[in-house]
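Where should one start when reading a fold of this kind? The paragraphs below go from a working definition to single residues, and then outward to the chain.

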Amino acid sequence: MKAIKNKRTVVKTVMLLLLIGFQSCGTYNSKTSDIESDLYNGNFDKAVAGIEGNKFLKKKRNKLLYLMEKGKVEYMRGNYEISNKLLEEAYILIDDIIKTNAGQAIASKLTNPMAMPYKGEDFEKVTIYYYKALNYFMLGKPNEALVEAKRINIKLYELNEKYKENKNKYSEDAFSQILQGIIYESVGDINNAFIAYRNAEEIYTKNGGDFFGVPMPEQLKKDLLRTSKLMGFTQEYNDYRTKFNIAVEDTPKKTTPEDYQAKPTSEAIIFWENGVGPAKDQIVITASGGSGIFYGSYMDGDMLEEIIIPIPTGANIGSINAIAIPKYRERGAYYNKAEIIVNGKPQNFNLAQDFYPIAKQCLKDRMLRETIGLVTRFAAKKATSAGLGAIGKQLLGDTGGDLIKLGADVAGAATEKADTRNWQTLPATISYTRVPLHEGENKFIIRKYGPMGVDTDTLYIPYKRGLQIVSYFDVGRTQVIPNTPVAKPLLENPSATTLQKNSFEQSKGTTALVKPISKSEPETTVTNKVLAKYNTWTDGGNGISYKVTYETENRGGKLFYVKKVILQSDNKDTSNVTFTVTEKPFNRSFIEVNEFEYYDSQMNQKAEKQYYKITEKIKPGKETTAVTVYQTLPDFYVTILNIK
């Protein structure tokens with residue numbers, strides 16, 4: 001009787017391993033999709049509430065993530081003191097090296113490293129200083145801002161010094177030098193501003209003029225010429241003018257710092273944060289042991305990446321082997337470029353930082369250093385399966401032992417997970433430009449180029465002597481597109497609250513299309529059957545109902561149906577609804593893409609079998625306009641994918 005009980009215990013143990021193994025363990029990105037949706041829609045207040053209500057982020061092991069995510073969004077809201085407090089706490093947490101207890105260490109080796117406290121990627125650690133510098137500047141504390149900006153390259157050096165092998169290729173940052181130059185200029189220190197700009201130029205030059213996918217900004221070249229001439233550095237000025245091939249008439253006329261200080265001047269540096277930064281996914285590589293190594297390979301973009309892990313001689317590593325590694329996925333931006341109209345002429349925003357190539361390289365360098373950690377996790381799971389196999393053999397015979405060991409190997413493969421946590425409220429890119437200001441209110445038109453054409457926004461900056469910094473955000477296509485011609489009054493842009501500057505006021509923004517929208521009569525293009533579906537409430541199940549309205553627009557010579565989805569809930573509590581809108585009935589053959597890829601396909605008429613997910617919080621008894629979708633066919637199908 002005791003033997004039978006032992007047999008049952010072993011079988012239950014294996015079944016438990018299999019159950020744990022095949023349970024879904026989503027990526028960090030999937031656990032924060034509602035926060036991301038709020039950011040896409042320019043609703044930063046809801047994003048903060050989402051961070052506060054996210055159970056995963058509130059776990060002790062994820063405290064660093066919580067501090068970084070909330071600190072960044074508070075910066076976007078203009079709450080600079082709150083943002084700095086959160087980011088300072090994150091900085092202290094990193095410097096304390098974030099302790100790991102024994103239970104978490106064991107769990108990470110038998111399941112996945114997400115059981116460990118998140119310690120941050122190296123580029124994330126120094127990006128904290130960037131936002132602290134901007135916070136201090138916005139609070140009117142340029143000297144404190146300068147300290148934080150300098151810390152970026154100092155910290156990169158310190159981090160690399162502690163690595164004996166496979167040091168980071170991202171060991172210095174050109175953009176941080178540009179930021180230092182701007183802050184030095186704001187306090188009238190032209191000499192040190194020139195030195196900072198020169199340091200940035202040297203980083204670009206020694207990397208062939210391109211630093212992690214970013215070519216040397218034209219604005220940096222102009223700033224080098226201007227500051228070298230202001231300081232009277234004739235040799236450097238002439239050298240840079242020759243090197244950059246810039247004509248004399250395009251260079252500043254003033255020649256000394258005294259001349260510069262003699263007249264009241266005002267300028268603004270506009271930082272444009274565009275898109276959403278990269279997110280971590282995972283790749284699980286399976287292989288059989290042989291030749292003393294575990295070998296796997298995968299394609300990362302156009303690059304073949306290889307994983308080689310040594311296996312001790314004579315070791316039996318089982319029938320099924322799996323190892324999970326994290327991999328960054330580029331999420332990009334809706335807009336691919338932007339320009340601002342200055343004195344009637346377009347002036348480009350210059351790309352200054354692209355987080356994807358930096359993140360990708362930092363992760364690769366870290367993985368090379370942590371091969372031993374992968375081996376340890378791999379060996380721990382194999383030891384567990386071997387031990388269960390031995391017990392099974394003793395109780396159930398050779399066949400039973402092999403089956404249990406195989407089951408444990410399968411469970412080990414299924415539970416193999418990579419750590420997919422990363423700072424996800426960062427932008428995809430940061431670009432900048434410099435504009436002159438005149439006394440009174442300064443009005444600038446910003447033109448932004450995306451797959452659906454050109455959007456425009458109006459930015460107002462009040463005059464203030466000296467140098468200002470303005471932060472401007474486009475997480476997604478956050479602006480409201482008015483359905484009236486430009487000549488009529490413009491609608492207020494809900495992303496206007498994201499236009500912050502060091503004058504401690506928030507700008508009012510408006511938005512419009514570059515060209516007037518022409519409308520078509522829907523009755524001539526939509527059948528009565530399709531028309532009957534619009535403006536009709538439909539039961540979506542689980543207490544959620546929806547209706548869709550539409551208008552038509554001509555954009556770039558194409559007719560688009562602008563479909564507005566309205567949701568309402570009969571539930572007692574707030575519901576998180578994830579859904580999609582397609583032109584054909586949704587089925588499993590559809591390919592999931594992000595919003596930017598979807599609209600790019602729409603422009604090329606390739607989106608018929610594609611979809612992207614939309615998540616919205618729906619309060620009880622209240623109609624919520626969830627999303628506006630641009631499609632080329634009049635028919636629509638709303639598919640609710642998940643309700644929480």
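A residue counts as buried when its relative accessible area is under 20%, and as exposed when that area is over 50%. The structure shown is a predicted model. Y240 has a relative accessible area of 10%, so Y240 is buried. F194 is buried too, because its relative accessible area is 1%.

These two residues form an aromatic pair. The rings of F194 and Y240 meet edge-to-face, with 6.5 Å from centre to centre and 65 degrees between the planes. F194 belongs to helix 11 (residues 190-206) and Y240 to helix 13 (residues 234-244), so their pairing ties together parts that are 46 residues apart in sequence. Another edge-to-face pair consists of F211 and F212, at 5.0 Å centre to centre and 90 degrees between the planes. Both of these phenylalanines are buried. In total, the structure holds 28 aromatic pairs. One aromatic cluster is formed by F44, Y75, Y80, Y130, Y131, F175, F271, W423, Y432 and F473.

Some of these names return in the nonpolar core. The largest such core has 134 residues, and those with the most contacts inside it are F123, Y130, Y170, I270, F271 and F579. Helix 8 (residues 122-138) gives the most to this core, contributing ten residues. F579 can be followed to its neighbours: leaving out residues up to four places away in sequence, F579 touches V565, L567, Y612, K613, I614, A626, V627, V638, T639, I640 and L641.

Next come the strands. Which way do the side chains of strand 12 point? In strand 12 (residues 441-450) they alternate: N442, F444, I446, K448 and G450 point to one face and are buried, whereas E441, K443, I445, R447 and Y449 point to the other face and are not. Strand 12 has partners to consider. Strand 8 (residues 337-342) runs antiparallel to strand 12 and is joined to it by four bridges; here A338 has K448 as its bridge partner. Strand 13 (residues 453-462) also pairs with strand 12 in the antiparallel sense, over ten bridges. A hairpin of two residues connects strand 12 to strand 13, and G450 stands opposite G453 of strand 13.

Two residues of these strands also meet through a charge and a ring. K337 lies over the face of Y449, 4.8 Å from the ring centre. Elsewhere, the charged end of K533 sits over the ring of F636, at 4.8 Å from its centre.

K448 leads on to an acidic residue. D474 lies in strand 14 (residues 466-474). Is D474 buried or exposed? Its relative accessible area is 2%, so D474 is buried. Apart from neighbours within four places in sequence, D474 is in contact with W272, E273, N274, G275, Y335 and K448.

The whole chain can now be put around these details. The protein chain has 18 helices and 25 strands. Of its 644 residues, 52% are buried. Among contacts with a separation of 6 or more, 73% are between residues 24 or more positions apart. The accessible surface of the chain comes to about 29,700 Å², and 53% of that surface belongs to carbon and sulfur atoms.

Key: Residues are numbered from 1 along each chain as its sequence is written. This is a predicted model: local features need pLDDT of at least 70, side-chain atom pairs count only at pLDDT 80 or more; totals for chains, interfaces and linings use all residues. Side-chain values use heavy atoms; hydrogens and water are left out. Buried means under 20% relative accessible area, exposed over 50%, partly exposed in between (1.4 Å probe, protein chains only). Contact means heavy atoms within 4.5 Å. Accessible areas come from the Shrake-Rupley method with a 1.4 Å probe; for residues, only the protein chains shown count as cover. Two strands pair if DSSP finds at least two bridges between them. A nonpolar core is a set of buried Ala, Val, Leu, Ile, Met, Phe, Trp, Tyr and Cys residues joined through side-chain atoms within 4.5 Å. Rings of Phe, Tyr and Trp (its six-membered ring) pair if their centres lie within 6.5 Å; planes under 30 degrees apart count as stacked, over 60 as edge-to-face and the rest as tilted. A charge sits over a ring if NZ of Lys or CZ of Arg is within 6 Å of the ring centre and within 35 degrees of the ring normal.
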